[in-house]
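Please open the structure in your viewer and keep the sequence beside it, since this tour moves from one selection to the next and says what is found at each stop.

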Amino acid sequence: MRGKESGINVDAIARARIEILFSRAVRVFPENPALGARYISLGRKIALRHAIRLGKMRELYCKNCNSPRIPGVTAKYRATGGQFLSVSCLVCGETNRRKLGERREKGAKTPVKKP
Ligand SMILES: [Zn+2]
C-alpha cells in the first residue's frame, strides 16, 4: 500500500478531500449548478480511486446528474406507502426509493409496528 510506505494516511486525506468537495458543492450550487455537480463528480472519482466507501455520504448527491441534494431546493423527500422513503431529484427528475428503517444500527430496537 502506498500510504503505509510513506507513513502518510492517503485514505484519510482522500476522505477529507471528498468531505470538503461535497460541502463546497452544496455552498456553490445555488450560484453555479455546473460547478456544484463538478465538485460532486470529483469527490466520487476520488472515492473510486481510493476504494473508499461513501456510506452515508451517498445520500448527499444525485447519482444521475451529480447535483448535491439540498432538501426543498434540489431534492424532494416523500414517505410513500408508509414504508418507503422516495427521494426525487428536482434537477434531472431521477427518483430513488429505499425502505424506511433499513439502515438501523446493530442492536437497535425494532421499529414500533402500527396498530
Ligand atoms: Zn439528478
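## The whole chain

Among contacts in the protein chain between residues at least 6 apart in sequence, 41% join residues at least 24 apart, where two residues are in contact if their C-beta atoms, placed from the backbone, lie within 7 Å. This is a predicted model, in which local features need pLDDT of at least 70 and side-chain atom pairs count only at pLDDT 80 or more, while totals for chains, interfaces and linings use all residues. Residues are numbered from 1 along each chain as its sequence is written.

Colour the protein chain by secondary structure, and three helices and three strands appear, in the order α-α-α-β-β-β from the N terminus on. Helices (H or I, at least four residues) and strands (E, at least two) are DSSP runs, numbered from the N terminus. Of the 115 residues of the protein chain, 18% count as buried; a residue is buried if 20 or more other C-beta atoms lie within 10 Å of its own, exposed if 12 or fewer, and partly exposed in between, with C-beta atoms placed from the backbone.

## Helix α2

Select residues 10-28, which form helix α2. At 1.5 Å a residue, its 19 residues should span 27 Å, and its end C-alpha atoms are 27 Å apart, which agrees; the expected span is 1.5 Å times one less than the number of residues.

Now show the side chains of I18, L21, F22 and A25, the buried residues of α2. They cover an arc of only 95 degrees around the axis, which puts them on the same side of α2, the arc being that of the directions from the helix axis to the C-beta atoms. An α-helix has 3.6 residues a turn, so residues three or four places apart point the same way. On the face of α2 turned away from its buried side, select the exposed residues A12, A16, I20 and R27.

## Helix α3 and the core

What covers the buried residues of α2? Part of the cover is α3, residues 33-49, which is the next selection. The 17 residues of α3 should span 24 Å at 1.5 Å a residue, and its end C-alpha atoms are 25 Å apart, which agrees.

The buried residues of α3 are G36, A37, Y39, I40, G43 and R44. Seen down the axis of α3, these buried residues fall within an arc of 155 degrees, so they line one face of the helix. They pack against α2, whereas the face of α3 turned away from its buried side carries the exposed residues A34, K45, L48 and R49. Just beyond the helix, α3 is followed by A51, whose phi is positive, near 50 degrees.

To see how the two helices meet, centre the view on L21, which, leaving aside its neighbours within four places in sequence, is in contact with Y39, L42 and G43.

Next, select L21, F22, A25, Y39, I40, C62 and C89, which touch the most other members among the 13 residues in the largest nonpolar core. Such a core is a set of buried Ala, Val, Leu, Ile, Met, Phe, Trp, Tyr and Cys residues joined through C-beta atoms within 7 Å. The elements that give two or more residues to this core are α2 and α3, and α2 gives the most, with four residues.

## The sheet

Turn to the strands, which make an open sheet of three in the order β1-β2-β3, with antiparallel pairing; two strands pair if DSSP finds at least two bridges between them. The edge strands are β1 (75-80) and β3 (95-99), each of which pairs on one side only.

Select β1 together with β2 (residues 84-89), and six bridges join these antiparallel strands. Along this pair, the bridge partner of K76 in β2 is S88, and T80 stands opposite F84. The strands β1 and β2 form a hairpin with three residues between them, where G81 in the turn has a positive phi of about 65 degrees.

In the loop between β1 and β2, select G82, which counts as exposed with 7 C-beta neighbours inside 10 Å. The C-alpha atoms of G82 and L100, 18 residues apart along the chain, are separated by 8.4 Å.

Finish with β2 and β3, which run antiparallel and are joined by five bridges, with V87 opposite N96 in β3. Their hairpin has five residues between the strands, and G93 in this hairpin takes a positive phi near 90 degrees. Are the residues of β3 buried or not buried? The count of buried residues among the five residues of β3 is zero, and this strand is hardly covered.
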